[in-house]
Amino acid sequence: MGFGMATNLLKKGFPVTGYDVWAPTLTRFVSAGGSSANTPREAVKNAEFVIFMVATAAQIMSAMFEGEGAAILELEKGASVILCSTGPPEYVPNVRRLLNEKGRGDVFLVDAPVSGGTIRAASGTLTILAAGEESALAKADQVLRLMAGSNLYVIPGGLGAGTKVKMVHQVLAGIHICMTSEAIGFAAALGVNTKRAYEVLKAGEGSSWMFENRVPHMLVEDKTVYSALNIIVKDMVSMVYGKHSFTC
């Protein structure tokens, strides 16, 4: 998704420098018109807006704070840092705390988890659940809208509030993925024409985005990998909040 988000911003006139641990991704990005960097520190140099789109909160913490290549060592004064990855709700306030402790209270921080997949990332129509101080949200508004269009939602409650809503979203997403597999398997076991069943069921009230998205791959035994299973597992199993633990 990060590649799509970055190329979308390129198409909309923003100069973008990208960093990725996987070199072929950077090669593709340069071919698309972007610039590449060898470390997070190099990537954020002279950048007014810095967007993190990685798999885990731990990766954000590492890229931001660890080692000689850490982004914090080169963040511009008054830069906006936009955290788009999904992680535990407490990780975003922790980033704010560490920035303050290291004398970087000038940095604006936005909690902005995203949903929508690679296609919507590339088209600038992601759903973004943005939260943070009003000044930070106002400063990042243009960039957020370029990535989300009309799908930008500001969540009250300060840093971590957007991630809390994303956590609930991922519980629903995981449940719908599981139930989509169960439903089509059930239809097949009953001897129903699964292709016809899909057309009828997706038009009904019991349908969902996950049902409509996943079933076509099942019907043709499509073995192409479209998303990593460990991502949804990470989102659901690792998110323990208060007294509630969500698993699928």
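This is a short tour of one structure, moving from the whole chain to a sheet, a set of salt bridges and a surface patch.

**The whole chain**

Keep in mind from the start that this is a predicted model. Begin with the complete chain in view, drawn as a cartoon, where eleven helices and ten strands can be picked out. The radius of gyration of the chain is 20 Å, close to the 18 Å that the globule rule gives for 248 residues, so the chain is as compact as a globular protein of that length. If you turn the C-alpha trace along its principal axes, you will find that it spans about 65 × 45 × 30 Å. Of the 248 residues in the chain, 41% are buried.

**The sheet**

Next, select the strands β3 (49-52), β4 (80-83) and β5 (108-111). They form an open sheet of three strands in the order β3-β4-β5, and the pairing is parallel. The edges of this sheet are β3 and β5, each of which pairs on one side only, and from one strand to the next the twist averages 15 degrees. Now look at β3 and β4, which run parallel and are joined by four bridges. To find a place where residues face each other here, show Ile51, which stands opposite Ile82 in β4.

**The salt bridges**

The structure holds six salt bridges, and three of them are visited here, among them one between Arg41 and Glu74.

Select Arg41 and Glu74 and show their side chains, whose closest N and O atoms are 3.1 Å apart. Arg41 lies in helix α3 (residues 40-44), whereas Glu74 lies in the loop between α4 (57-65) and β4, so the pair ties together parts that are 33 residues apart in sequence. Arg41 is partly exposed, with a relative accessible area of 30%, and Glu74 also counts as partly exposed, at 24% relative accessibility.

Move on to Glu48 and Lys139, which form a salt bridge with the closest N and O atoms 3.4 Å apart. This pair links distant parts of the chain, with Glu48 in the loop between α3 and β3 and Lys139 in helix α7 (residues 134-148), 91 residues apart. Glu48 is partly exposed at 46% relative accessibility, and Lys139 is partly exposed with a relative accessible area of 24%.

Then select helix α5 (residues 91-101), where Glu101 and Arg97 are four residues apart and therefore separated by about one helical turn. Their side chains meet in a salt bridge, with a distance of 3.1 Å from N to O. Is Glu101 buried or exposed? Glu101 is exposed, because its relative accessible area is 54% and the cut-off for exposed is over 50%. Arg97, at 40% relative accessibility, counts as partly exposed.

**The surface patch**

For the last stop, switch to a surface view and select Tyr19, Val21 and Trp22, which form a nonpolar patch on the surface. Together these residues have about 380 Å² of accessible area. Within the patch, centre the view on Val21, which lies in the loop between β1 (17-18) and α2 (23-31). Val21 is exposed, with a relative accessible area of 75%.

Technical notes: Residues numbered from 1 in each chain as written. Predicted model: local features only at pLDDT ≥ 70, side-chain atom pairs only at ≥ 80, totals over all residues. Heavy atoms only, no water. Patch = residues over 30% accessible without salt bridge, like charges linked within 9 Å, V, L, I, M, F, W, Y side chains within 5 Å. Areas by Shrake-Rupley, 256 points an atom, 1.4 Å probe, with all protein chains shown as cover. Salt bridge = Lys/Arg side-chain N within 4 Å of Asp/Glu carboxyl O. Helix = DSSP H or I, 4+ residues; strand = E, 2+ residues; numbered from the N terminus. Buried < 20%, exposed > 50% of the residue type's maximum accessible area, 1.4 Å probe, protein only. Pairing = 2+ DSSP bridges. Axes fitted to C-alpha atoms, helices over the stretch in contact; angles between N-to-C directions. Rg over C-alpha atoms; globule rule 2.2 N^0.38 Å.
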